[in-house]
Protein chains: 2
Amino acid sequence: MQPSFARQDETVPETVPETVAEPPSARQQAVLDAVLGLMVEEGDQLTMDAVARRASCSKETLYKWFGDRDGLLTATVRWQASRVHAGRYAPNALDVTALRESLQDFAATWLEVIASDTSVALNRLAIGHAGSRKSNLGGIVLANGRFAIGERVKPVLEAGRAAGLLAFDDTEAAFRTFIGLVGRDIQIRLLLGDALPLDAGEIRRDADRAVEQFLALYGRARTPTPPSREED
Amino acid sequence: MQPSFARQDETVPETVPETVAEPPSARQQAVLDAVLGLMVEEGDQLTMDAVARRASCSKETLYKWFGDRDGLLTATVRWQASRVHAGRYAPNALDVTALRESLQDFAATWLEVIASDTSVALNRLAIGHAGSRKSNLGGIVLANGRFAIGERVKPVLEAGRAAGLLAFDDTEAAFRTFIGLVGRDIQIRLLLGDALPLDAGEIRRDADRAVEQFLALYGRARTPTPPSREED
DNA sequence: GCAGTACCGTACCGTACGGTACGGCGCGTC
DNA sequence: GACGCGCCGTACCGTACGGTACGGTACTGC
């Protein structure tokens, strides 16, 4: 019942970590990748048998490593989160152009993430589990997704304000407006199974449009509005 | 196997409708309400037994009326959708004030809906089923939620444009920006189980802020910006 | 009163899936 | 080369749940 992430055949002798996550070993990562793959391809049929078969390991091992099904799913969510944590958006020299590019980069990256098969499958899973008590995958997804991203973007916004480029009181509110302008109804539609084609070009345009709209709302300096707005 | 919505003890003799939905009888509506209640309260444990117990009817009846579990869920989604279809937002006399109020009404109403327990539970269910093939509840929710709402709001936007109050080329794009400004990350956070307190006052303020931001982006006439923006 | 019908309650069946047990194998270590 | 161990593969168990069958009851039309 006590899931452990420490492999017994490695240095660690008998630390017996509680329920918390050590970084998974290479073999364990392969298992978690199998779970992700299965999630994306099969969606619903995420059974322990299927995972064991796909990862070429025994169910007994799964239970030894991850405790139970929820432990496996939790570890999978954490694993996926750990590999998305990349990219920093804080520019050094802060003029309007740098700020704009920084925000565009963030917006495009984030759109790519939420539009990815993996993210959609993972969010579906977490949302499905959010309805019942026990082991909130939803909380983990939120903490590593939405909230983690906020903590990386807000410094950019505040730097922009410090440089006199943006005007706002509430950083959180400004960030949420930005999130709204970037994401709009994309995520919920994808989660509900809408086709919604979203290639790289579309993402780029969406990101640019959202940043221009955000600057129009929160920009202080009269920025040289670049190429073209989406409409008009 | 062939679900039918026509009660046999009513006038209809032997129409045997295919798989499509007649309006459910009062008794059937009670059953569907039981499903909704169960969905909200129990989340996951939406079993046919539980529904039958709660609705004080036999499982056999459930299967006769709705065919199978998916049929029951589909009918429930349709039933809920049918009662949300209310309210029209198209004002007659179109000046800036009327347009603003119309948009505010829409925004507040929509926020109330997506923040309701029922909507959250229903969307969770539909999203959970979107992963697997067969009987896309997701499509139904989208059609009756997001898309239906769009069809009712877009005329307002276009009327605003015709009156010279708004400026945009692509109505759909303008609408999606509006949706983004109103909803921001609220729906996904609620679906993932975030607490996110959202009382009537908060909704009102959110709606007003979103409308002001939308008018700032798309408004043509220099509107007398009312009371106060959220920040600044 | 009697047949037919719509329905409730409950018992029942089959299966899928979470979780466990066990035999066998490869790879250490002594 | 014998032992231990971590792991694979597979067989197995218990239960929960979708779906069906059936007896009992109330109501309707004749």
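**Two chains and their salt bridges**

Q: Which residue of chain A comes closest to the rotation axis?
A: Gly180(A) does, at 2.2 Å (C-alpha). This is a predicted model, in which local features need pLDDT of at least 70 and side-chain atom pairs count only at pLDDT 80 or more, while totals for chains, interfaces and linings use all residues. Residues are numbered from 1 along each chain, chains are lettered from A in the order in which they are written, and side-chain values use heavy atoms, without hydrogens and water.

Q: What makes the axis a two-fold one?
A: Chain A is superposed on chain B by a rotation of 180 degrees with 0.0 Å of shift along the axis, at an RMSD of 0.0 Å (a least-squares fit on C-alpha atoms of residues with pLDDT of at least 70 in both copies). That is how a two-fold axis relates two copies. The same surface serves both, as 98% of the contact residues of chain A recur in chain B.

Q: How many residues of each chain are in contact?
A: 50 residues of chain A are in contact with 50 of chain B, contact being heavy atoms within 4.5 Å.

Q: Why is the pair Arg176(A) and Asp185(B) called a salt bridge?
A: The closest N and O atoms of Arg176(A) and Asp185(B) are 2.9 Å apart. The rule asks for a side-chain nitrogen of Lys or Arg within 4 Å of a carboxyl oxygen of Asp or Glu, so the pair qualifies. Across the interface of chain A and chain B the rule finds four salt bridges.

Q: Which helix of chain A gives the most to the side that touches chain B?
A: Among the helices that each supply at least two residues to that side are α1 (26-42) and α8 (171-183). With seven residues, α8(A) gives the most. Helices here are DSSP runs (H or I) of at least four residues.

Q: What makes Glu41(A) and Arg54(A) a link between parts of chain A?
A: Their side chains meet in a salt bridge at 3.0 Å, N to O. Glu41(A) lies in helix α1 and Arg54(A) in helix α2 (residues 48-55), so the pair ties together parts 13 residues apart in sequence.

Q: How do you know whether Glu41(A) is exposed or partly exposed?
A: Glu41(A) has a relative accessible area of 46%. Buried means under 20%, exposed over 50%, and partly exposed in between (1.4 Å probe, protein chains only), so Glu41(A) is partly exposed. Arg54(A), at 37%, is also partly exposed.

Q: Why does Arg205(B) count as exposed?
A: Arg205(B) has 52% relative accessibility, which is over the 50% limit.
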